Amino acid sequence: MRWLMLYARSRQVPAALAAVLIGAVTVWAFARDQAAGPGDPRLPVLVLATGATAVSVGLGGQDLALDRTAAIRWMPRRAAHVLLAGAVVAASLLAVQTMGVSMATTAFVVRDSAGLMGLVALGAALSGGQYAWTLPFAWLSLVFFAPPPTSVPMHVVMWMLLPPGTAAGTWTALVLTVVGLTAYTVAGPRR
């Protein structure tokens, strides 16, 4: 159990977990006055993107040279870190919804959480842990200010806001998850 605690501390997991929980509780406080039922998907997407960017800081260790020369296998740990972080981000929004504020369906939360964690992992592999947040932030900014989707390429771009079960949204999230998770697992964070 000692290595797990050391790993969590070196990856800033306690601070990231606190940021995810504070973000979810803040959204709950603002959203509880809204009418019940899933409405505008921007608020849940904002919560999920905030959680994903908060946990992205931990995708790079304090000393990358030490990580690369360690005698332990990093590939399973990297994959587990991304998958567990995505589960925590999704669970934080789902936990808020159990307190009476229904913002999105479970399928929507799982799809967007997986896609955003794929973007974060891809950002860590391309830019390093400290800049892993830039890809989901840039994509979220584009989605918030883009016009409503009318074509297939725009549906791919707007995947975060599409209803669950939409082919373009589901496939885009799946591709981002697989590509990001694979790139980060194999290559690790960029130096």
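Start with the whole chain: its secondary structure comes to nine helices and zero strands. The model is a predicted one. Colour by secondary structure and follow the sequence; the pattern reads α-α-α-α-α-α-α-α-α.

**Stop 1: the whole chain**

Keep everything displayed. The chain has 191 residues, and 42% of them count as buried. Turn on the surface. About 10000 Å² is exposed, and carbon and sulfur atoms supply 72% of that area. Now think about contacts. Take those with a separation of 6 or more: residues 24 or more positions apart account for 74% of them.

**Stop 2: the core**

Hide the surface. Select Val55, Val82, Met103, Leu116, Met117 and Trp159. These residues have the most contacts inside the largest nonpolar core, which has 43 residues. Which elements give two or more residues to this core? They are helix 2, helix 3, helix 5, helix 6, helix 7 and helix 9. Helix 6 gives the most, with eight residues.

**Stop 3: helix 6**

Select residues 106-127. This is helix 6, with 22 residues. From first C-alpha to last, helix 6 reaches 31 Å, close to the 32 Å expected at 1.5 Å a residue. Why is helix 6 described as largely enclosed by the rest of the structure? Because 16 of its 22 residues are buried. Step just past the end of the helix to Gly128. Gly128 takes a positive phi of about 100°.

**Stop 4: Phe108**

Go back into helix 6 and pick Phe108. Phe108 has a relative accessible area of 4%, under the 20% limit, so it counts as buried. Show what surrounds it. Beyond its neighbours within four places in sequence, Phe108 is in contact with Pro41, Pro44, Val45, Met160, Leu161, Leu162 and Pro164. Draw a distance to Pro41. The two C-alpha atoms are 9.0 Å apart, while the residues are 67 apart in sequence.

**Stop 5: Arg111 and Asp112**

Stay in helix 6 and select Arg111. Is Arg111 buried or exposed? Its relative accessible area is 9%, so Arg111 is buried. Add Asp112, which is buried as well. The side chains of Asp112 and Arg111 meet in a salt bridge, at 2.9 Å from N to O. How many salt bridges does the count come to? The count comes to one.

Now widen the selection around Arg111. Leaving aside neighbours within four places in sequence, Arg111 is in contact with Trp159, Met160, Leu162, Pro163, Pro164, Gly169, Thr170 and Ala173.

**Stop 6: Trp159**

Centre on Trp159, one of the core residues from Stop 2. Not counting residues up to four places away in sequence, Trp159 touches both Arg111 and Asp112. Its other contacts are Gly115, Leu116, Leu119, Trp139, Ala168, Gly169, Thr172, Ala173 and Leu176.

**Stop 7: helix 3**

Select residues 42-56 for helix 3, which has 15 residues. Helix 3 reaches 21 Å from its first C-alpha to its last, close to the 21 Å expected at 1.5 Å a residue. Show the side chains of its buried residues: Pro44, Val45, Val47, Leu48, Ala49, Gly51, Ala52, Ala54, Val55 and Ser56. What covers them? The cover includes helix 2 (13-31), helix 5, helix 6 and helix 7 (134-145).

**Stop 8: helix 5 and His81**

Move to helix 5, residues 74-98. Helix 5 has 25 residues and reaches 36 Å from first C-alpha to last, close to the 36 Å expected at 1.5 Å a residue. Pick His81, which lies in this helix. At 10% relative accessibility, His81 counts as buried. Then draw a line to Ala121. The C-alpha atoms are separated by 10.0 Å, with the residues 40 apart along the chain. Finish this stop at Gly100, which follows helix 5 and has a positive phi, near 105°.

**Stop 9: a patch on the surface**

Bring the surface back. Select Trp171, Leu174, Val175, Val178 and Val179. Together they make a nonpolar surface patch of about 480 Å². Zoom in on Val178, found in helix 9 (residues 167-187). Val178 has a relative accessible area of 46%, so it is partly exposed.

How values were computed:
Residues are numbered from 1 along each chain as its sequence is written. This is a predicted model: local features need pLDDT of at least 70, side-chain atom pairs count only at pLDDT 80 or more; totals for chains, interfaces and linings use all residues. Side-chain values use heavy atoms; hydrogens and water are left out. Helices (H or I, at least four residues) and strands (E, at least two) are DSSP runs, numbered from the N terminus. Buried means under 20% relative accessible area, exposed over 50%, partly exposed in between (1.4 Å probe, protein chains only). Patches are made of residues with over 30% relative accessible area and no salt bridge: like charges are joined within 9 Å, nonpolar side chains (Val, Leu, Ile, Met, Phe, Trp, Tyr) within 5 Å. Accessible areas come from the Shrake-Rupley method with a 1.4 Å probe; for residues, only the protein chains shown count as cover. A salt bridge is a side-chain nitrogen of Lys or Arg within 4 Å of a carboxyl oxygen of Asp or Glu. The expected span of a helix is 1.5 Å times one less than its number of residues. Contact means heavy atoms within 4.5 Å. A nonpolar core is a set of buried Ala, Val, Leu, Ile, Met, Phe, Trp, Tyr and Cys residues joined through side-chain atoms within 4.5 Å.
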